[in-house]
Amino acid sequence: MKNKIAITILAVGVAAAFALGATGILKPVLNEKEESGTEVDRPIGYLVIRSDVGPFAKEEGGIVNARCVDVPAQDDLPAYKDYVFDIDKAYGAYEYTYENCYYMHLDPEFSGAKTSLDIADVDGVSSVKLGSDVNLLVSNKDSVKYFVNSVYQKPNGDVYAKLENDANLNSDGTDPEQDVTAFSTYTTKVEVDHMGEKKGYISEMKISFNQGALPDRILLQECDDSGKTLATKEFTAATFAETFEKAKYETFPDCAYIVMTVKTGTKVRREIIERGMYNFSVLAYEEDGIFVERFAEMEWK
């Protein structure tokens with residue numbers, strides 16, 4: 001599985017929460033080291049595997065091990081370690097720790113993702129909870145099934161997934177033509193009593209599984225502080241994906257904000273891109289039956 005989205009660092013420590021933006025960058029909000037010593041495989045997220053996946057390595061009990069890889073520094077992101085699964089048609093959303101820091105792995109097939117991390121005492125249990133809210137937009141909903149599998153990290157740092165073929169994301173027979181967002185929530189809990197101290201770990205994912213579509217028209221109006229339009233740029237999904245595969249989005253001088261209008265069929269969505277935002281994204285291409293966002297990195301003039 002390709003790791004295609006930037007991941008960032010979060011120091012380990014006290015109770016807090018963070019939001020995962022379009023860039024995949026998490027702002028450090030924790031600053032005290034968590035007490036170590038609890039030996040338990042910690043649930044850290046989920047791996048969605050398609051039913052049309054090819055052969056892949058797995059051990060007894062349905063265990064699939066992730067591979068630790070070096071990711072070089074890029075732009076404002078430092079070099080870091082990531083854990084990836086060598087499965088072509090699988091999509092992961094999971095948090096992991098490396099050298100006393102939290103990292104987030106999020107594959108770009110999950111659009112509009114938001115993630116939170118809470119560390120607090122709940123009913124006398126020192127609890128660490130990771131929550132993810134993601135979307136999976138597909139074109140072949142009827143012909144392919146998607147199985148949701150828990151991901152764990154061992155005390156020594158190794159990451160693995162445990163196959164759970166009964167957790168089928170689209171087994172409810174939802175009509176793919178319905179214009180309704182249907183959510184499924186998956187929760188994995190582990191609790192351990194270590195030397196008289198109860199510690200709990202919770203991983204939860206709320207995922208919507210719906211029919212997707214590429215936009216017909218993407219209109220970007222660059223405006224100054226007075227609201228005057230400085231420049232107008234128009235794209236199709238294909239030209240947006242091609243233009244921003246490597247290049248940055250460069251604004252007109254003195255641009256204060258951008259009004260983005262996205263037309264998909266009969267639907268129109270508008271969004272304000274404020275000055276200083278790191279990037280923005282649009283559903284721009286289809287890959288293996290899943291609609292994927294293209295991120296355009298901003299360069300404000």
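Which residues line the largest cavity? In this predicted model, the lining is made up of R42, P43, I44, E95, L117, V128, K129, L130, Y201 and I202. Searching the whole structure turns up one cavity of 30 Å³ or more, and the volume of the largest cavity is about 30 Å³. Three strands each give at least two residues to that lining: strand 2 (42-50), strand 9 (125-138) and strand 13 (197-211). Sorted by class, the lining residues are seven nonpolar and three charged, with no polar ones.

**Salt bridges**

Side chains of opposite charge can pair when their charged atoms come close. How many salt bridges does a search of the whole structure find? The tally is twelve. Three of the pairs are set out here, each with its N to O distance.

| Pair | N to O distance |
|---|---|
| R67 and D86 | 2.7 Å |
| E222 and K233 | 3.0 Å |
| K248 and E297 | 3.7 Å |

Start with R67 and D86, whose side chains meet at 2.7 Å. R67 sits in strand 4 (residues 67-71), while D86 is in the loop between strand 5 (80-84) and strand 6 (90-98), so this salt bridge ties together parts that are 19 residues apart in sequence. Both partners have some contact with the outside: R67 is partly exposed at 41% relative accessibility, and D86 is partly exposed with a relative accessible area of 48%.

Then there's K248 with E297, a salt bridge at 3.7 Å. This one links distant parts of the chain, 49 residues apart: K248 belongs to the loop between helix 1 (237-243) and strand 16 (249-250), and E297 belongs to strand 20 (residues 290-299). K248 is partly exposed, its relative accessible area being 37%. E297 also falls in the partly exposed class, with 21% relative accessibility.

Salt bridges can also share partners, and R50, D52 and K89 are joined into one network that way.

**E222 and its partners**

Is E222 buried or exposed? E222 counts as buried, because its relative accessibility is 0% and buried means under 20%. Its salt-bridge partner K233, by contrast, counts as partly exposed at 25% relative accessibility. The two side chains meet at 3.0 Å, N to O. E222 is part of strand 14 (residues 217-223) and K233 is part of strand 15 (residues 229-235), so the salt bridge ties together parts eleven residues apart in sequence. The side chain of E222 has another link as well: a polar contact with the side chain of Y249, at 2.6 Å.

**Another buried glutamate**

E109 is worth a look too. Where does E109 lie? E109 is found in the loop between strand 7 (101-106) and strand 8 (110-122). Despite that loop position, E109 is buried, with a relative accessible area of 6%. Along the chain, E109 and V134 are 25 residues apart, and their C-alpha atoms are separated by 9.4 Å.

**Cysteines**

How many disulfides are there? The count comes to zero. Take C255: the nearest cysteine sulfur is that of C223, 7.0 Å away, whereas a disulfide needs the two sulfur atoms within 2.5 Å, so C255 is in no disulfide. C255 is buried, with a relative accessible area of 1%. C68, on the other hand, is partly exposed at 39%.

**Positive phi in loops**

Finally, a couple of backbone oddities to check on screen. N100 has a phi near 65°, a positive value in a residue other than glycine. N100 is in the loop between strand 6 and strand 7, and it counts as partly exposed, with 46% relative accessibility. D288 likewise isn't a glycine, yet its phi is positive, at about 55°. D288 is located in the loop between strand 19 (279-287) and strand 20. At 43% relative accessibility, D288 is partly exposed.

Terms used:
Residues numbered from 1 in each chain as written. Predicted model: local features only at pLDDT ≥ 70, side-chain atom pairs only at ≥ 80, totals over all residues. Heavy atoms only, no water. Buried < 20%, exposed > 50% of the residue type's maximum accessible area, 1.4 Å probe, protein only. Salt bridge = Lys/Arg side-chain N within 4 Å of Asp/Glu carboxyl O. Helix = DSSP H or I, 4+ residues; strand = E, 2+ residues; numbered from the N terminus. 1 Å grid on protein atoms, 1.4 Å probe; cavity = no way out; pocket = protein on both sides within 12 Å on 5 of 7 lines; lining within 4 Å. Points joined across faces, edges and corners; volume = space filled by probe spheres on them. Nonpolar A, V, L, I, M, F, W, Y, C, P; charged D, E, K, R; others polar. Polar contact = N/O pair within 3.5 Å; in protein donor to acceptor, adjacent residues only side chain to side chain.
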